[in-house]
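Hi everyone, thanks for making time. Let me put the structure on the screen, and then I'll talk you through a few things in it.

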Amino acid sequence: MTESLIAPLPNTQGAPDDVAPPPSRGEGSEQQAASDSAPSSVAAAALIYRGPEAEAVETAEPEAPPAEEQAPVAYEPFELPQGVEVDTAALEEAQSLFAEARLSQPQAQKLVDLYAGKMNELVQRQISAAEGRQKAWVAEVKSDPELGGRRFEQARAAAQKALNRFGTPELRRTLDELWVGNNPQLFRFFVRVGQAVSEDSWVGARSSAGRPSAAETLYPTNTNDK
């Protein structure tokens with residue numbers, strides 16, 4: 001029988017002929033009771049070492065109970081400064097981020113106010129830049145040798161004449177919306193168109209005055225006949 005490594009049997013080496021005397025009646029009962037009360041070698045091994053699976057079970061942390069689902073965050077319409085318009089799609093995207101961060105209504109309103117203020121500053125800077133550009137263009141036109149000085153009023157009248165004759169309401173509206181009506185090169189173009197129209201009209205009127213009519217050509221009047 002193979003010796004157990006965990007609970008070896010007592011040493012029984014000795015003379016082969018040596019026979020242990022049988023235990024007495026009392027000793028046998030006591031040994032039997034001790035044998036019954038003592039765990040077997042397999043049970044003792046299980047108590048001493050139960051393997052990595054048992055250790056993993058003992059050291060594993062208990063699972064946390066599932067957390068309750070949080071209610072979705074909803075926001076009331078945000079307050080915007082007067083005259084400030086916000087892109088609806090951008091605002092909806094911002095609300096999704098607010099809800100993901102679970103911001104309260106006052107916290108989200110602070111971010112909306114910050115965005116609206118920055119957008120208002122940007123628009124005001126653009127307006128100031130456009131107004132400054134308009135003033136610079138007008139000054140350039142008035143100092144131009146062809147368009148400015150004493151010729152400025154005539155040049156402006158010629159430009160307006162060209163726009164009135166060949167332009168459309170859509171063109172006039174586009175010039176106003178884009179703030180390019182005072183651009184020096186565009187103004188020069190309209191002035192030259194107006195001047196060309198005036199010269200053609202004057203030449204045409206002069207030619208018509210010196211040219212006989214169709215009746216006079218067909219039926220000339222002989223001044224010598226009386």
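I'll go through a helix, the nonpolar cores and the salt bridges.

A word of caution to begin with: this is a predicted model.

Let's start with helix α5, residues 105-142. With 38 residues at 1.5 Å each, α5 should span 56 Å, and its end C-alpha atoms are indeed 56 Å apart, so the two values agree. Which residues of α5 are buried? They are Ala108, Gln109, Val112, Ala116, Ala130, Gln134, Trp137 and Val141. Met119 is in α5 too, but at 32% relative accessible area it is partly exposed. Together with Tyr115 and Leu122, Met119 makes a nonpolar surface patch of about 230 Å².

Now, the inside. As you know, nonpolar side chains in soluble globular proteins tend to be buried together. Here the largest nonpolar core has twelve residues, among them Val141, Leu147, Phe152, Leu163, Leu175 and Phe190. Two elements, α6 (152-166) and α8 (184-210), each give two or more residues to this core, and α6 has the largest share, with six. If you'd like one residue to click on, try Phe187: leaving aside residues up to four places away in sequence, Phe187 touches Val141, Leu147, Ala155, Arg156 and Ala159. There is also a second, separate core of five residues, including Tyr75, Phe78, Ala108 and Val112.

On to the charges. How many salt bridges are there? The count is four. In one of them, Arg188 pairs with Asp144, with the closest N and O atoms 2.9 Å apart. Arg188 sits in helix α8 and Asp144 in the loop between α5 and α6, so this pair links distant parts of the chain, 44 residues apart. Arg188 and Asp144 are both buried.

Glu146 and Arg192 form another salt bridge, at 3.1 Å between the closest N and O atoms. Because Glu146 is in the loop between α5 and α6 while Arg192 is in α8, the pair ties together parts 46 residues apart in sequence. Glu146 is partly exposed at 28% relative accessible area, and Arg192 is partly exposed as well, at 47%.

A more local example is Arg156 with Glu153, at 2.8 Å from N to O. Both residues lie in α6, three residues apart, about one turn of the helix. Arg156 is partly exposed at 34%, as is Glu153 at 48%.

Finally, shared partners join Asp144, Glu146, Arg188 and Arg192 into one salt-bridge network. Happy to take questions!

How values were computed
Residues are numbered from 1 along each chain as its sequence is written. This is a predicted model: local features need pLDDT of at least 70, side-chain atom pairs count only at pLDDT 80 or more; totals for chains, interfaces and linings use all residues. Side-chain values use heavy atoms; hydrogens and water are left out. Helices (H or I, at least four residues) and strands (E, at least two) are DSSP runs, numbered from the N terminus. The expected span of a helix is 1.5 Å times one less than its number of residues. Buried means under 20% relative accessible area, exposed over 50%, partly exposed in between (1.4 Å probe, protein chains only). Patches are made of residues with over 30% relative accessible area and no salt bridge: like charges are joined within 9 Å, nonpolar side chains (Val, Leu, Ile, Met, Phe, Trp, Tyr) within 5 Å. Accessible areas come from the Shrake-Rupley method with a 1.4 Å probe; for residues, only the protein chains shown count as cover. A salt bridge is a side-chain nitrogen of Lys or Arg within 4 Å of a carboxyl oxygen of Asp or Glu. A nonpolar core is a set of buried Ala, Val, Leu, Ile, Met, Phe, Trp, Tyr and Cys residues joined through side-chain atoms within 4.5 Å. Contact means heavy atoms within 4.5 Å.
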